[in-house]
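Visitor: I have a structure to look at and plenty of questions. Could you show me around?

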Amino acid sequence: MNNTSSPAPIHIIGGGLAGSEAAWQIAERGVPVILHEMRGVRGTDAHKTDGLAELVCSNSFRSDDATSNAVGVLHAEMRLAGSLIMRSADANQVPAGGALAVDRDGFSVAVTAALESHPLITITREEVTGLPPEEWDQAIIATGPLTAPSLAAAIQARTGADSLAFFDAIAPIVHTASIDMEICWFQSRYDKVGPGGTGKDYINCPMDEAQYNAFIDALIAGDTTGFKEWEGTPYFDGCLPIEVMAERGRETLRHGPMKPMGLTNAHNPTVKAYAVVQLRQDNALGTLYNMVGFQTKLKYGAQAEIFRLIPGLENAEFARLGGLHRNTYINSPTLLDRSLTLKGRPGLRFAGQITGCEGYVESASIGLLAGRFAAAERLGETPSLPPETTAFGALLNHITGGHIVSDDEPGKRSFQPMNVNFGLFPPLEPGAVIRPEGLKRFRGNDKAIAKKHATAARALEDCTRWLSL
């Protein structure tokens, strides 16, 4: 701090996991916080209580393995950073094997009590219906996927008509290294070279007639999830679930997203595929590819089983499975800078699921970063960005610019929410993965696990170094 007077408060809109974590991080750095939460005055369609950081869906924070699971690495980094969300989760843990699951009521009570008792945090129960006024020179919007319509409209008015998504049509995303390229091949349809393209911009998975028919049968028979009452029915042109398209006729997919025209199998050029599944590069690192046109309401277990029927994807590892649901989020790569600040409005940050991350822990971690960045600015410092090799940095990079812009579909929104996964981390340096002593064959699953261990170790080492700066 540059002077002895108390700094002006930072305002936070939204008392979910992201807003609660941001408030804690700011206050712990000696900066006052005013946390605005509308529950208590106005409810939502999903929340049941007025408690801060209420868990709406599952009570699981997923894997707590910090050696070979990306979300476990994020847990560990948050603990290193003094996370209130992780402290409260650990204190209210319930048995869940290798996962971190919590007593949801005890967890919310712990977060609420910690924030209410902090001398620098003021909690105001009110609905903020518009963007923060200019006199709130440092503010964070952390209103989540159920942002109130009035605030969503204000955000959209400020940032543009196409800046906000209300329904999330998600196609599965596959780790590139898990695709069998002895079966699949790179090629754009008709070898088209678009802006920034090479004519080999898609991975293609061929099917013969018998494989296609078996796949269609599995899709139609697959177990699907229903819509929650508050989601409405978001089917609209351009994002029909793939199983719904299959139900409309056996040949529908073969003349839609799985059409084989303009493609020649590099491994068997004389045989024409009956149908082709295409995957498109999803992140700038090239470590993730999404399944084109495969948004779905299939349950996760059914998705993994059915999509592994596709030739070349028999051993696919999914960074994210598909879905179609209500989810308000902004087009963060276009709107936010690297410190989560809205371009053109200094001091106004976004945090949590509204930025385009998925999951409790991911939401809280972006709140943690937004809080640290805002506190640094309030104290006259330059925000210190986490290295991209950390889970913090990998997730931040995805939100603020790690996606791929679709060149062949102008205007199509390419940025999609995602959980943290190892596909978001930069590749390891050559030689970083060492063959375990005594292991003769070092490939397949053994090598994949070793890569995860090395990536996790690098992340925690770099995060420790970053936090000590």
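Guide: Happily! Let's begin with Leu340, which has a relative accessible area of 0% and is therefore buried. This is a predicted model, in which local features need pLDDT of at least 70 and side-chain atom pairs count only at pLDDT 80 or more, while totals for chains, interfaces and linings use all residues. Residues are numbered from 1 along each chain as its sequence is written, and side-chain values use heavy atoms, leaving out hydrogens and water.

Visitor: Why is Leu340 called buried?

Guide: Buried means under 20% relative accessible area, exposed means over 50%, and partly exposed lies in between (1.4 Å probe, protein chains only). Leu340 has 0%, so it counts as buried.

Visitor: Where is Leu340 found?

Guide: Leu340 sits in the loop between helix 9 (332-335) and strand 16 (348-350). Helices (H or I, at least four residues) and strands (E, at least two) are DSSP runs, numbered from the N terminus.

Visitor: What is the phi of Leu340?

Guide: It is near 70°, a positive value in a residue other than glycine. Most residues other than glycine have a negative phi. Ala53 is not a glycine either, and its phi is positive at about 55°. Ala53 lies in the loop between strand 2 (33-37) and strand 3 (60-63), and with a relative accessible area of 0% it is buried.

Visitor: What makes Asn327 count as buried?

Guide: Its relative accessibility is 1%, so Asn327 counts as buried. Asn327 belongs to strand 15 (residues 323-330). Its C-alpha atom is 9.1 Å from that of Pro417, 90 residues apart along the chain.

Visitor: How much of the chain is buried?

Guide: Of its 469 residues, 55% count as buried.

Visitor: Why are helix 3 and helix 4 called oblique to each other?

Guide: Helix 3 (residues 84-91) and helix 4 (residues 104-117) pack at an angle of about 135°, with their axes 9 Å apart. Axes are lines fitted to C-alpha atoms, for helices over the stretch in contact, and angles run from 0 to 180 degrees between N-to-C directions. Angles under 35 degrees count as roughly parallel, over 145 as roughly antiparallel, 65 to 115 as roughly perpendicular and the rest as oblique. The two helices are therefore oblique.

Visitor: Which residues make the contact?

Guide: Contact means heavy atoms within 4.5 Å. Leu84, Ile85, Arg87, Ser88 and Ala89 of helix 3 meet Phe107, Ala110, Val111, Ala114 and Leu115 of helix 4.
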